[in-house]
Amino acid sequence: MTTIPVNVSGFSGTLEDLARAIERGDADARSVSVYEVIRACFDELERSGEPGLDEVGGLLAAASALVAAKAKALLPPEREADEAPGASGEGEGVAEGEGEGGDDDGEDDANSALIAHLMEYRIFKEAVEELARRDEAWRLVYLRNSFPSGLRSVRPPEGVSLSDLIQALRRVLEGIPEDEFTALPTDDLSIEEKMDAILIRLRQRGKLVFRELFDGPVITRSEVIAVFLALLELIRLAKAVVRQDAHFGEILILPAVGGSDHGV
Amino acid sequence: MGYREARAAIEAMVFASPRPITAREMGEILGIDPRTVDAIVDDLRREYDEEGRGVQIVFVAGGYQMATRPAHADYIARLNVGTRQALSRPALETVAMIAYKQPITRAELETIRGVRVDGVLSTLIERGLVRPVGRKKAPGRPVLYGTTPEFLRWFGLASLDDLPPIEGDAATLPGFGLRSAPRSSSRRGGVARPARG
């Protein structure tokens with residue numbers, strides 16, 4: 001038992017009183033700093049000279065009661081504990097009374113959100129285990145026509161990285177003035193048409209130098225971008241490959257070996 | 001149309017279809033009852049099993065599809081057709097949450113998982129398991145995500161109702177928006193499982 005008075009927002013009394021008040025809900029657990037309260041008590045104890053063993057023990061017991069009360073007030077109530085029948089006799093001041101703590105459905109929003117969150121997490125964990133097993137099992141089953149989906153590896157350009165291509169694009173763009181009428185988007189730029197055009201030229205010539213893609217009568221910046229996108233799409237579809245024979249050499253566009261070009 | 005002919009036609013359609021084909025589709029084409037189609041497919045499946053054939057007919061994503069058997073996975077892998085990689089744990093967790101709670105926004109996913117999900121989300125989209133399905137009527141009109149038919153194929157699920165069941169009280173949790181009452185499919189129950197051997 002300790003007799004040191006405690007004064008915190010809206011409450012005065014001993015530590016035990018405070019712990020009980022929190023348990024009852026008379027004092028708001030969140031507005032009480034357990035650390036500061038206990039610190040103050042110990043300071044007080046020290047100031048009063050050589051404390052007796054009983055006093056120190058009493059303070060420790062009261063302090064633990066306070067910590068337990070606050071923890072209980074803040075944590076979500078345990079569902080299982082409600083149902084456990086033998087919970088009553090254990091009562092030890094603070095730890096007793098599941099009936100009081102787990103009171104009603106009016107629990108804090110914060111509390112129920114936390115419970116919901118923890119429950120969801122637990123429930124999903126089980127579902128995830130099952131999905132993981134299915135993922136493993138169905139990895140061994142090849143569904144008809146399912147080979148390409150999700151696992152088609154995009155053929156990397158041989159010796160040419162995407163940034164090389166973008167560098168080359170930038171050089172092309174440097175030589176072209178800003179489009180005159182940029183305010184209105186043009187809808188006559190079809191990437192599909194550009195793809196077709198590239199494939200046709202590839203079939204006629206066997207290979208193209210990157211710059212040649214962009215030598216048309218009138219070519220605007222938007223057109224350059226469209227042609228470039230068409231090229232990327234062709235690479236992605238494995239209908240064309242790009243190659244660079246030497247560092248900083250010309251980037252060559254070639255028809256993909258074995259790649260089908262039907263539909264052109 | 002005679003039974004043998006219908007059976008052969010169904011076998012041909014299931015074989016040729018690039019996606020799971022439903023009993024109704026086949027029934028309409030052949031002018032027969034979808035339940036007859038189901039029965040004929042069962043017949044075919046039994047025959048494939050009894051003869052120990054290398055292919056089987058599975059029921060995934062609401063329809064029938066030809067598939068290989070797990071026992072031959074190694075041989076097929078050596079064909080160099082590409083093997084599918086197992087999903088990472090974060091990807092599995094994220095796709096599970098999307099499956100059970102769809103449609104769901106990225107922010108909602110992040111709240112549940114407690115971590116950012118954009119990387120995982122784009123992987124799932126790339127693999128075709130998840131897709132944007134609309135926008136939420138909320139500030140900023142965030143994109144809502146849902147699963148695709150490919151998701152069902154990936155996990156060998158007949159439909160979303162075929163997802164592993166979750167505990168009963170989960171449905172009562174705030175915000176645990178389970179999909180509307182399960183439409184029970186006539187073809188459920190073990191059909192979709194890859195047969196061993």
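Select helix α5 (residues 89–101) and helix α7 (residues 118–126) of chain B in this predicted model, and look at how they pack: their axes lie 9 Å apart and make an angle of about 75 degrees. Because angles of 65 to 115 degrees count as roughly perpendicular, α5(B) and α7(B) are therefore described as roughly perpendicular to each other. To see what fills the contact, show the side chains of B:Pro90, B:Ala91, B:Thr94 and B:Val95 on α5(B), which meet B:Val120, B:Leu121, B:Thr123 and B:Leu124 on α7(B). Sorted by residue class, this contact of α5(B) with α7(B) comprises 6 nonpolar and 2 polar residues, with no charged ones.

Keep α7(B) selected and turn the view until you look down its axis. Which residues of α7(B) are buried? They are B:Val120, B:Leu121 and B:Leu124, and, seen down the axis, the buried residues of α7(B) fall within an arc of 100 degrees, so they line one face of the helix. A general point helps in reading such a view: an α-helix has 3.6 residues a turn, so residues three or four places apart point the same way. On the other side of α7(B), colour B:Asp118, B:Gly119, B:Ser122 and B:Glu126, which are exposed. If you now add α5, α6 (106–113) and β4 of chain B to the display, you have the elements against which the buried residues of α7(B) pack. Following α7(B) in sequence comes B:Gly128, whose phi is positive, near 80 degrees.

Go back next to α5(B) and move on into the loop between α5 and β3 of chain B, where B:Pro103 lies. The peptide bond from B:Gln102 to B:Pro103 is cis, with omega near -5 degrees. As background, most peptide bonds are trans.

The loop leads to β3(B), and from here the sheet can be selected as a whole. It is an open sheet of 3 strands in the order β3-β5-β4 (chain B), with antiparallel pairing. β3 (104–105) and β4 (130–135) of chain B stand at the edges, each with a single partner strand, so one side of each has no neighbour in the sheet. Zoom in on β3(B) and strand β5 (residues 143–147) of chain B, which pair in the antiparallel sense over 2 bridges; here B:Thr105 stands opposite B:Leu144 in β5(B).

Between β4 and β5 of chain B there is a loop that holds B:Arg141, and this residue is the next one to select. Its phi is near 40 degrees, a positive value in a residue other than glycine. Is B:Arg141 buried or exposed? With 11 C-beta neighbours inside 10 Å, B:Arg141 counts as exposed.

Set beside it B:Ala61, found in the loop between β1 (55–60) and β2 (63–68) of chain B. B:Ala61 has a positive phi of about 45 degrees although it is not a glycine, but B:Ala61 is buried, with 26 other C-beta atoms within 10 Å. For both stops the background is that most residues other than glycine have a negative phi.

Now move towards the N terminus and select helix α2 (residues 23–30) of chain B together with α3(B), which pack at an angle of about 110 degrees with their axes 8 Å apart. That angle makes α2(B) roughly perpendicular to α3(B). In the contact, B:Ala23, B:Arg24, B:Met26 and B:Gly27 of α2(B) meet B:Pro34, B:Val37 and B:Asp38 of α3(B), and these residues divide into 4 nonpolar, 1 polar and 2 charged.

Stay on helix α3 (residues 34–50) of chain B and centre on B:Ile40, which lies within it. With 21 C-beta neighbours inside 10 Å, B:Ile40 counts as buried. Leaving aside neighbours within four places in sequence, the residues in contact with B:Ile40 are B:Ala6, B:Arg7 and B:Ile10. For B:Arg7, which is 33 residues away along the chain, the C-alpha atom is separated from that of B:Ile40 by 6.1 Å.

Finally, zoom out to the whole of chain B, which has 8 helices and 5 strands and follows the pattern α-α-α-β-β-α-α-β-α-α-β-β-α along the sequence. Of its 197 residues, 30% count as buried. Among the contacts in chain B with a separation of 6 or more, 55% join residues 24 or more positions apart.

Note on methods:
Residues are numbered from 1 along each chain as its sequence is written. Chains are lettered from A and ligands numbered from 1 in the order in which they are written. This is a predicted model: local features need pLDDT of at least 70, side-chain atom pairs count only at pLDDT 80 or more; totals for chains, interfaces and linings use all residues. Helices (H or I, at least four residues) and strands (E, at least two) are DSSP runs, numbered from the N terminus. A residue is buried if 20 or more other C-beta atoms lie within 10 Å of its own, exposed if 12 or fewer, and partly exposed in between; C-beta atoms are placed from the backbone. Two residues are in contact if their C-beta atoms, placed from the backbone, lie within 7 Å. Two strands pair if DSSP finds at least two bridges between them. Axes are lines fitted to C-alpha atoms, for helices over the stretch in contact, and angles run from 0 to 180 degrees between N-to-C directions. Angles under 35 degrees count as roughly parallel, over 145 as roughly antiparallel, 65 to 115 as roughly perpendicular and the rest as oblique. Ala, Val, Leu, Ile, Met, Phe, Trp, Tyr, Cys and Pro count as nonpolar, Asp, Glu, Lys and Arg as charged, and the others, Gly among them, as polar. The arc is that of the directions from the helix axis to the C-beta atoms.
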